[in-house]
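Trainee: I have a model open and would like to go through it with you. Where do we start?

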Amino acid sequence: MALLMLQLMICCGLFIKLAEVLPFQDQFLLLRSSTRDSPPSLEGKVALITGAASGIGKATAAKFINHGARVVIADIQHQLGQETANELGPDATFISCDVTKESDVSGAVDFAISKYNQLDIMYNNAGVACKSPHSIVDLDLAVFDRIMNINVRGVMAGVKHASRVMIPRRRGAILCTASITGLMGGLAQHTYSVSKFAVVGIVKSLAAELCKHGIRINCISPFAIPTPFLMEEMSQMYPGADDEKLVEILYRTGTLEGANCEPNDIANAALYLASDDAKCVSGHNLVVDGGDSGEKHGQRF
Ligand SMILES: NC(=O)c1ccc[n+]([C@@H]2O[C@H](COP(=O)([O-])OP(=O)(O)OC[C@H]3O[C@@H](n4cnc5c(N)ncnc54)[C@H](O)[C@@H]3O)[C@@H](O)[C@H]2O)c1
């Protein structure tokens, strides 16, 4: 308390002194310029992003490159992944990777190291939707295993192999894509929802160990975003509706007036969490949902 009072007195004293010698506009400019910051930078950093051939991963790869990073795009879709890398330019490289195969994930990490000598950012983003029936009594455990294999085991493999190369350097930032369906029940089929709750759990559990090695791990929970992942699901729910109509329907479900959640919004969150601006943030689930999870569904005033 005494320290706070002292800081306040120093600040007030400084301002009174400025007021004596400078006109008001100059005082404002001086104070503002002393607090002005540059945008988050990834200059010199190397990132590996799984599921980056399309959607959120692709938008994030483009964002990271725009902020100075070199990016390895790891995806199961060989041709699309290669096309994405070509589109993003010389700072993007593609490697074929199925996150359900530990050897592929390990190989992608080793590829980043052999090409760039370092790995600063690992973004475990690959994930798939689940088309199983809604009721637990109809649950197909083979489908459950398949989804958990990609959405949870694939993330765990990424965290494991990123940690393998980051721990000796005593630094690194690991990101994962969770979902608002991993925050609240009733938003998706159980299998998908459970897989995303598990991603949040991975982040919380691993943060406790990795902080001792100077490595941060966080996840992002997006709201529904019009990527191939969701558009395919929606086209089955609304047969005959074209893409424009589907996006319109999707955006009507948003909560925040005047803002539609897009891949670039998730890329912005990833940029912050991957950058040194978030140097004290670990074990966090950054929810990017326009406030949707903060309201009780059906209660709008
Ligand atoms: N779109 C949404 O509404 C939404 C909302 C919340 C969370 N998410 C999550 O965002 C992440 C990215 O999805 P998206 O919306 O960008 O969809 P997307 O379909 O555009 O991208 C997913 C990418 O993951 C790749 N992939 C799938 N299985 C893979 C595997 N076994 N190994 C490697 N790559 C694989 C696909 O080829 C694809 O390029 C997923 O984890 C998804 O669960 C999406």
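**Sheet, helices and ligand shell**

Mentor: Start in the sheet: Ala47 stands opposite Ile121 in strand 4. This is a predicted model, where local features need pLDDT of at least 70, side-chain atom pairs count only at pLDDT 80 or more, and totals for chains, interfaces and linings use all residues. Residues are numbered from 1 along each chain as its sequence is written.

Trainee: How many bridges join strand 1 to strand 4?

Mentor: Strands here are DSSP runs (E, at least two residues), and helices are too (H or I, at least four), numbered from the N terminus. Strand 1 covers residues 46-50 and strand 4 covers residues 121-124. Two strands pair if DSSP finds at least two bridges between them. These two run parallel, and the bridges joining them number three.

Trainee: In what order do the strands of the open sheet lie?

Mentor: The sheet has seven strands, with parallel pairing. Strand 3 and strand 7 (285-288) each have a single partner strand, so one side of each is left without a neighbour in the sheet. The twist averages 20 degrees from one strand to the next (axes are lines fitted to C-alpha atoms, and angles run from 0 to 180 degrees between N-to-C directions). The order is 3-2-1-4-5-6-7.

Trainee: Which residues of helix 4 are buried?

Mentor: A residue is buried if 20 or more other C-beta atoms, placed from the backbone, lie within 10 Å of its own; 12 or fewer makes it exposed, and in between it is partly exposed. Helix 4 spans residues 78-88. Its buried residues are Gly81, Thr84, Ala85 and Leu88.

Trainee: Why do they line one face of the helix?

Mentor: An α-helix has 3.6 residues a turn, so residues three or four places apart point the same way. On the other side of helix 4, Gln79, Asn86 and Glu87 are exposed. Take the directions from the helix axis to the C-beta atoms. Those of the buried residues line one face because they fall within an arc of 100 degrees.

Trainee: What covers the buried residues of helix 4?

Mentor: Contact means C-beta atoms, placed from the backbone, within 7 Å. The cover includes helix 3 (55-66), strand 2 (70-75) and strand 3 (92-96).

Trainee: Is Val109 buried or exposed?

Mentor: Val109 is found in helix 5, residues 102-116. Leaving aside neighbours within four places in sequence, Val109 is in contact with Leu48, Leu119, His161, Ala162 and Val165. It has 26 C-beta neighbours inside 10 Å, so Val109 counts as buried.

Trainee: Which residues are closest to the ligand?

Mentor: The shell around the ligand has 29 residues, each with its C-beta atom within 6 Å of the ligand. Helix 3, helix 6 (141-166) and helix 8 (228-237) each give two or more residues to that shell. The closest residues are Gly51, Gly55, Gly127, Thr227 and Phe229.

Trainee: Where does Thr227 lie, and which residues does Thr227 touch?

Mentor: Thr227 lies in the loop between strand 6 (215-222) and helix 8. With 18 other C-beta atoms within 10 Å, Thr227 is partly exposed. Not counting residues up to four places away in sequence, Thr227 touches Ser54, Gly55, Ile56 and Pro263.

Trainee: What share of the protein's residues is buried?

Mentor: The protein has ten helices and seven strands. It has 301 residues, and the buried share is 37%.

Terms used. Two residues are in contact if their C-beta atoms, placed from the backbone, lie within 7 Å.
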